[in-house]
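Work through the two exercises below with the sequence and the coordinates open beside you. Each task is followed by a solution that proceeds step by step.

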2 protein chains.
Amino acid sequence: MRIVQVPLGQRSYAIKVGTGLLAGLGAECARLKLGCRCAVITDANAGRHFAGLAVKSLSASGFETALVTFPAGEESKRLAVVEKCHDQLAAHRLERKSFIVALGGGVVGDLAGFVAATYLRGLPFVQVPTTLLAQVDSSVGGKTGVNLKAGKNLVGAFYQPRLVLCDLDAFKTLPRREYRSGLAEVIKYGIIYDAELFTRLERDLPKLLKRDPATLGEIVARCCEIKAAVVEQDETESGLRAILNFGHTIGHAIENSSGYGKFLHGEAIAIGQVAAAQLSVKRLDLPERDAVRIGKLFAQAGLPVTLALNAIRRKKLLAAMLLDKKVSGGEVKFVLAKKIGQAVWGQPVPAVELQQALDAISA
Amino acid sequence: MRIVQVPLGQRSYAIKVGTGLLAGLGAECARLKLGCRCAVITDANAGRHFAGLAVKSLSASGFETALVTFPAGEESKRLAVVEKCHDQLAAHRLERKSFIVALGGGVVGDLAGFVAATYLRGLPFVQVPTTLLAQVDSSVGGKTGVNLKAGKNLVGAFYQPRLVLCDLDAFKTLPRREYRSGLAEVIKYGIIYDAELFTRLERDLPKLLKRDPATLGEIVARCCEIKAAVVEQDETESGLRAILNFGHTIGHAIENSSGYGKFLHGEAIAIGQVAAAQLSVKRLDLPERDAVRIGKLFAQAGLPVTLALNAIRRKKLLAAMLLDKKVSGGEVKFVLAKKIGQAVWGQPVPAVELQQALDAISA
């Protein structure tokens with residue numbers, strides 16, 4: 001097992017990465033010295049595979065455990081579902097010292113984390129991410145939230161978990177498309193922060209695609225280390241943390257303007273990152289050959305790198321971008337790469353170059 | 001104008017108390033150096049009286065100001081209304097540096113504060129409380145939130161405003177019943193923290209009931225000082241802050257079990273405080289004559305001190321108490337008074353004494 005510390009003062013916590021961790025969930029929670037009552041919040045998918053073992057482990061450690069399940073899918077990330085979860089926590093008489101276990105992928109972590117952040121003005125919670133994307137990205141760093149009709153993650157809270165348990169065994173049942181979607185965030189860490197990781201991914205992608213546990217353990221832990229280092233320096237995204245959004249301005253707009261569910265998050269940000277690489281060539285002199293390497297790695301990971309864009313879709317995409325949380329003073333700011341391994345945030349992009357970048361990703 | 005500082009490190013802010021402050025809202029906000037766009041969130045009641053002047057003042061200071069109005073009443077304090085507000089903030093393209101003005105009574109402050117806490121994971125906000133209850137209590141200290149079917153304020157966040165403007169002119173249009181409801185919180189500060197204030201209230205109640213501006217300015221500022229002192233020592237209610245809930249465990253249960261709207265908050269906690277005083281006599285040797293003074297002051301303020309309780313209502317009341325946020329380990333903990341001017345929290349109360357206290361307040 002690998003342990004990554006997220007050092008945030010009183011809100012510090014550990015990320016544990018390894019195999020067979022879910023069976024030890026109860027013992028891990030007992031070590032945190034929380035209340036004797038808890039709720040596992042999960043969706044129908046993750047629940048089917050993992051809820052039995054999670055509840056068994058918690059019960060064996062003496063916790064009175066309620067199971068709260070909501071329908072799988074991004075469509076569940078809304079306040080009406082949050083309220084249904086709250087209602088069930090009230091029915092199970094959770095108290096201020098009770099805790100929440102978020103068991104599932106990114107949607108579960110975002111939603112259950114927001115439920116935890118807001119029930120009784122905040123209950124402790126433990127993240128048990130079961131997808132690659134959630135393990136390397138959404139379960140670390142304390143961003144929780146839900147969507148509005150107007151856009152993704154427009155509502156939420158910064159709220160840190162007490163512990164993150166990344167059980168690599170969860171990938172055994174993860175559909176191929178979901179798994180590959182997670183690789184888009186893995187590759188992102190190479191681009192924005194760690195050229196060595198990027199080179200390793202170019203070399204070891206076949207092993208990763210085979211879900212080799214040894215390689216996965218190292219890569220997942222490395223991604224968590226990078227995210228922890230960034231979040232440590234800027235917990236509430238007033239600066240540096242924005243680099244984690246490389247490819248996300250266009251990516252979120254793709255997800256939002258094409259209707260949730262058509263693209264997985266990782267697929268949308270793969271395209272977004274290819275576009276951001278194009279903008280980086282124009283704006284920051286990212287070498288053209290690095291933009292090519294970036295596009296190639298996403299393609300080899302089985303991720304989309306282009307988008308069918310007619311005039312109407314392009315207009316919707318641009319409108320969605322203006323609602324992005326990174327908009328400031330009415331101007332969309334981008335995260336761009338100076339080179340592979342180094343990103344900068346807050347980069348304005350002239351409309352004409354944005355159009356050119358969209359041309360470059362148009363199928 | 002009186003200024004009370006709430007010293008919470010980076011989250012420190014000022015409470016300004018005086019007459020004619022609403023006209024200066026725009027200038028005050030300009031001093032905070034926030035973004036150029038804002039939204040005033042208010043309800044139909046407060047909006048009718050104050051929104052025009054608020055929007056005019058903000059616009060005159062150069063802010064692009066949107067007005068978001070929701071129906072008045074405790075029934076609006078739910079997530080569906082929060083989401084409607086979010087949708088309107090998105091429609092007005094509020095950004096991370098934009099800010100929210102919460103203009104109204106306790107319901108507006110709680111709801112708009114929670115909207116501000118959660119939109120884009122947190123926008124700055126300014127409280128402009130327009131009722132006595134909101135000025136002395138709910139607008140100070142950063143508690144925001146909404147209700148669930150299961151209970152009041154079960155959902156929310158600790159989220160501090162950047163500024164609180166208490167304009168005493170707002171009381172000119174405040175209905176008598178609402179105004180008296182606010183006096184229940186004023187009297188509470190005397191009981192839990194300041195025997196001198198309590199004695200002054202016994203003496204100056206007639207002036208207060210006439211809404212004498214000079215008396216009001218002093219009393220409102222003193223209540224804010226007490227609340228600020230308590231919140232400074234315990235921002236997230238891990239200890240001392242609980243004393244602010246004197247009378248609230250039974251009070252909230254009265255509000256909840258009798259259907260929101262039947263009792264105003266101040267009316268419910270007046271009864272709750274009379275019951276808590278009875279419990280204090282039993283558990284902490286509060287002198288019987290002080291319990292009498294407490295009951296008498298609430299009655300002189302025109303507040304209810306008894307409750308019609310048949311067997312069914314009593315059962316509902318007790319069930320509602322078990323959902324209180326102050327429940328720990330399945331046991332309801334009370335805030336009780338050792339003497340007038342000093343309260344202690346976390347006091348267990350045997351069921352039989354709770355029943356006796358309910359007998360004492362039964363009409």
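**Exercise 1.** Determine how strand E3 (residues 37-43) of chain B is covered, and establish which strands pair with E3(B) and in which sense.

*Solution.* In this predicted model, begin with burial: 6 of the 7 residues of E3(B) are buried, and the strand is therefore described as mostly covered, a residue counting as buried if 20 or more other C-beta atoms lie within 10 Å of its own.

Next, follow the pairing with strand E4 (residues 64-70) of chain B, which is parallel to E3(B) and joined to it over 7 bridges; within this pairing, B:Val40 has B:Leu67 as its bridge partner. The connection from E3(B) to E4(B) passes through helix H2 (residues 44-60) of chain B, giving a β-α-β crossover that is right-handed.

Finally, turn to strand E5 (residues 99-104) of chain B, which also runs parallel to E3(B) and is joined to it by 5 bridges, with B:Ala39 standing opposite B:Ile100 of E5(B).

**Exercise 2.** Locate B:Gly182 and decide whether B:Gly182 is buried or exposed.

*Solution.* First, place the residue: B:Gly182 belongs to helix H6 (residues 176-193) of chain B.

Second, apply the cut-off of 20: because 28 other C-beta atoms lie within 10 Å, B:Gly182 is buried.

Third, list the contacts, leaving aside residues up to four places away in sequence: B:Gly182 touches B:Thr131, B:Leu132, B:Leu133, B:Val136 and B:Gly266.

As a last step, compute the C-alpha to C-alpha distance from B:Gly182 to B:Ala195, which is 19 Å for a sequence separation of 13 residues.

Key
Residues numbered from 1 in each chain as written. Chains lettered and ligands numbered in written order. Predicted model: local features only at pLDDT ≥ 70, side-chain atom pairs only at ≥ 80, totals over all residues. Helix = DSSP H or I, 4+ residues; strand = E, 2+ residues; numbered from the N terminus. Buried ≥ 20, exposed ≤ 12 C-beta atoms within 10 Å, placed from the backbone. Contact = placed C-beta atoms within 7 Å. Pairing = 2+ DSSP bridges. Right-handed = clockwise from strand over helix to strand, strands pointing away.
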